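Here are three short exercises to work through with the model open beside you. Try each task before reading its solution.

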Amino acid sequence: MGKIRQKITGLIPEYGMMPLLIAVALNFSVYFGARVIAGDWKHHNIEGPLDGMIPFVPFTAVIYLGCYLFWIVNYILIARQEKQEVCRFFTADFISRLICLACYLIYPTTNVRPVVEAEGFWNQVMRFLYTADAADNLFPSIHCLVSWFCFAGLRRSNIPGWYKGASCVMAVLVCISTLTTKQHVVIDVAGGVALAEFCLWIAKKPKVWKVYEKLLDEIDGKLLLEGGSA
């Protein structure tokens, strides 16, 4: 166990581990929790005229599904930054999920997905995606929110400029893929990006991120006590 811990802390500082775990747990709790609570509630279709002009492009599902690797890599890179930057970013991440939960419960949204024929590889991928991911929890788009966080969370880092640029391109491609797979509508995308920027702005305030830092310190303190008494 000691060697495994050394390898993990060699990749991610100890102060970055708990924020990552909290982010993952909260993300799943909000997404699936909102679905459990509001699954049978009335959902509102907020598609606009522009959405009808965007083509359905099944092969862009590779971007929509492949972005999970992008998220993992960039969130680890963000967690490797200095503690203050880590606390600021994951404070924003935390706040964003609470706002998402409120949106999903207060005003549940949906959209109309196209009928996908069974023939063709990418059509099969899309049919699987539609089966696995119900048309709810749409506004704001967590896919767009997290992807924009992956770019914005590295803007002030010492990561090479080419990678920051690639992250920006990837974030934009993910946003586009949410539209061309008809998983989301334009307002969902705009809401996800705007929410990311808003939460990052809020989290810059010391009175905000220091509350999160205090929470982390208390959790770490309790874990140390439990480890010492074991």
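**Exercise 1.** Find which residues I76 is in contact with, leaving aside its neighbours within four places in sequence.

Step 1: contact means heavy atoms within 4.5 Å. With that cut-off, I76 meets L11, I12 and L20.
Step 2: place I76 in helix α4, residues 61–79; helices are DSSP runs of H or I with at least four residues, numbered from the N terminus.
Step 3: turn to V208, which lies 132 residues from I76 along the chain; their C-alpha atoms are 22 Å apart.

A word on the model: it is predicted, so local features need pLDDT of at least 70 and side-chain atom pairs count only at pLDDT 80 or more, while totals for chains, interfaces and linings use all residues. Residues are numbered from 1 along each chain as its sequence is written, and side-chain values use heavy atoms, with hydrogens and water left out.

**Exercise 2.** Describe the surroundings of D188 in helix α9 (residues 186–203).

Step 1: D188 is buried, that is, under 20% relative accessible area (1.4 Å probe, protein chains only).
Step 2: look for a partner. The side chain of D188 has a polar contact with that of H184 at 3.3 Å. Such a contact pairs N or O atoms within 3.5 Å, one able to donate a hydrogen and the other to accept it; residues adjacent in sequence count only if both atoms are side-chain atoms.
Step 3: beyond four places in sequence, D188 touches I46, L138, F139, P140 and S141.

**Exercise 3.** Is F121 buried or exposed?

Step 1: the relative accessible area of F121 is 59%.
Step 2: exposed means over 50%, so F121 is exposed.
Step 3: F121 belongs to helix α6, residues 121–132.

Note on methods:
Helices (H or I, at least four residues) and strands (E, at least two) are DSSP runs, numbered from the N terminus. Lys and Arg count as positive and Asp and Glu as negative; His and the chain ends are not counted. A salt bridge is a side-chain nitrogen of Lys or Arg within 4 Å of a carboxyl oxygen of Asp or Glu.
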